[in-house]
Amino acid sequence: MPASSEHAVVIVGAGPTGMVLGAELTLAGVDVVIVERRATSELEGSRAGAGGLHSRTLEVLDQRGVVDRFIAAGQPHPRVGYAYVQLDISDFPTRHNYLLALWQKDTERILAGWLEELGVPVSRGTEVTGIAPDERGAEVVLDGGRTLRAEYLVGCDGGRSLVRKAAGIEFAGWDASTSYLIAEAEMTEAPQIGVRREGGGIGPVNRAKGGGPYGVVLREEQTEHASEPTFEDLRAALVRAYGTDFGVHSPTWISRFTDTTRQAAAYRQGRVLVAGDAAHVHSPMGGQGLNLGVQDAVNLGWKLAQVVKGTSPQSLLDTYQAERHPVGARVLQNTMAQTALVTPDDRHDALRATVAELLALDEPRKRIAGMMSGLDIAYDLGDGHPLLGRRMPDLDLQTAAGPTRVFTLLHEAHPVLLVLGGTGGFDIGPWADRVRSVEADPIDAAHASAWEMPVIGAVPAPPAVLIRPDGHVAWAGDLTDPNLPAALTTWFGEPKLA
Ligand SMILES: Cc1cc2nc3c(=O)[nH]c(=O)nc-3n(C[C@H](O)[C@H](O)[C@H](O)COP(=O)(O)OP(=O)(O)OC[C@H]3O[C@@H](n4cnc5c(N)ncnc54)[C@H](O)[C@@H]3O)c2cc1C
């Protein structure tokens, strides 16, 4: 148990979302504790064997200097999937122009190691059984009756989130239309590897080596179930799909997932917030859920830190909902579209073939692959330079201290005013305790005039750019722009006068 029972922030759930949020808050120097009911960071069940990190998630991890650990454990693939159509992203202007295949259990193991290094307190084997929110925060009730006091409480506790339910946040959406069995098991006969039209498929669990054990995904006849799936359910589903069970035996785990699609109507209720699966659930088509949760956490972390420290008013937290709810809604929409497209019948096959034909064209491929990889995300920060609200590209830079990259400047999760071309002249002093000002020149001469962005193409290079800790552009323009002080105040608090 944590030594103190009072914390600035209590996070419920040490899944990918809760762990990344814990890291972000710790980097910002905020007193945080994560409470997790699982006794260890080991993961079992359907998610253990699922996994992929998309480009934007890899960029976000690169912004914190930890992406290499994930890359070393995974396998890059130059394509992302949309309704089983493969879209090449190797021409996308990012260092991470690929999908990194990595089991979720490995992602969680690596994240847990990072948290340990940062010293993020995680109370494992502790279940939250109730919460009582009030205007000062929330009382958090743990199993055994102990309580914690939180100024802010964040539910990163998955699709069945107790925090979301107890805060009375509506979870509107659609019930399941399909259900899949997912399992890992040995087989005495060599099975047919690959995806089947009827839904599902079989693949070797160790993708590099091939051979068993095998990962099995099988569409079920029913969407409603009264109990957990059994070995007999797995065997019968194999026979239904393949006419044989391939001598299946020794399952490591058997689980089930559906395409239930729901989103929290509010991401914040007073001092209670939700993120990750607690805020949205949908079909795993396209492998986006974990990625969405990690990016929720990186959007929320620095904002919550500033509010806790009193640097920014509570209203900054409203931008978390304003920015992330539309991104989540878009994923709900694209997973529903994909689920419809892969419906196993002749008419949907014809529809999918038509969509595949369109996606073979350059513009539609870039549009959809930009969405699947998360590289197209543009928060609505009003009118202005085309970079506003988009991800800052990871330019190679020359500074007085030597060469660096934009993402390296973000490792400590602090905002950066990047002045390009040495045009100086703006007094960052009143924000200098929060915002780092860096003068640099792009190493690539072409970047002096234009930057290549995913999906939208080349944009004019601004003389200066204000980068938020999550890597999104808060302002871009000339240092004489009267909007610059306003942008600094909006995002990073009032100026401090000497
Ligand atoms: C078959 C399948 C394949 C998938 N494939 C992909 C993929 O390729 N790519 C991708 O991005 N996503 C994928 N997903 C989705 C991904 O698994 C989830 O989106 C992701 O796990 C969400 O992370 P989270 O941290 O928000 O929630 P979770 O991972 O659900 O973590 C919530 C945590 O909270 C803990 N918790 C819950 N209640 C309490 C409580 N009361 N007290 C204390 N602790 C509590 C839980 O033990 C858990 O550790 C897949 C999902 C499935 C089912």
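Buried, in these exercises, means under 20% relative accessible area, exposed means over 50%, and partly exposed is what lies in between. Keep in mind that the structure you're working with is a predicted model.

**Exercise 1. Work out whether A83 is buried or exposed, and say what surrounds it.**

Start by finding the residue: A83 sits in the loop between strand 4 and strand 5. Next, take its relative accessible area, which is 1%. The cut-off for buried is under 20%, so A83 counts as buried. Now look for its partners, skipping neighbours within four places in sequence: A83 is in contact with M285, Q338, L341, V342 and R352. For a sense of distance, try P326, which is 243 residues away from A83 in sequence and 21 Å away in space, C-alpha to C-alpha.

**Exercise 2. Compare the backbone and the exposure of A83 with those of V455.**

Backbone goes first. A83 has a positive phi of about 50° although it isn't a glycine. V455 is also a residue other than glycine, and its phi is positive too, near 70°. Then place V455: look in the loop between strand 25 (450-453) and strand 26 (457-460). Last step, exposure. V455 has 25% relative accessibility and so counts as partly exposed, whereas A83, at 1%, is buried.

**Exercise 3. Check the length of helix 10 against its residue count, then describe its surroundings.**

Helix 10 covers residues 362-373, which makes 12 residues. The expected span is 1.5 Å times one less than the number of residues, so helix 10 should span 16 Å. Its end C-alpha atoms are 16 Å apart, so expectation and model agree.

Now the burial: R365, I368, A369, G370, M371, M372 and S373 are the buried residues of this helix. Their cover includes helix 2 (55-63), strand 4 (79-82), strand 5 (85-88), helix 8 (318-341) and helix 9 (346-359). Following helix 10 you'll meet G374, with a positive phi near 80°.

**Exercise 4. How many of the residues of helix 2 are buried, and what do they pack against?**

Count along the helix: 9 of its 9 residues are buried. Among them are the charged-type side chains R56, E59 and D62. For the packing, the buried residues of helix 2 meet helix 3 (67-73), strand 6 (99-101), helix 7 (289-308), helix 10, strand 22 (402-405) and helix 11 (406-409). Just after helix 2 comes G65, with a positive phi of about 80°.

**Exercise 5. Test whether the radius of gyration of the whole protein agrees with that of a compact globule.**

Take the 498 residues and apply the globule rule, 2.2 Å times the number of residues to the power 0.38. That gives a value near 23 Å, and the protein has 23 Å, so the two agree. Then add the other overall numbers:

- The C-alpha trace spans about 75 × 60 × 35 Å along its principal axes.
- The protein holds 12 helices and 28 strands.
- Of its 498 residues, 53% count as buried.
- Among contacts between residues at least 6 apart in sequence, 68% join residues at least 24 apart.
- About 20800 Å² is exposed, with carbon and sulfur atoms supplying 51% of it.
- There are 44 positive and 62 negative side chains, and the centres of the two sets lie 2 Å apart.

Notes:
Residues are numbered from 1 along each chain as its sequence is written. Side-chain values use heavy atoms; hydrogens and water are left out. Helices (H or I, at least four residues) and strands (E, at least two) are DSSP runs, numbered from the N terminus. Buried means under 20% relative accessible area, exposed over 50%, partly exposed in between (1.4 Å probe, protein chains only). Contact means heavy atoms within 4.5 Å. Accessible areas come from the Shrake-Rupley method with a 1.4 Å probe; for residues, only the protein chains shown count as cover. The place of a charge is taken as NZ of Lys, CZ of Arg, CG of Asp or CD of Glu.
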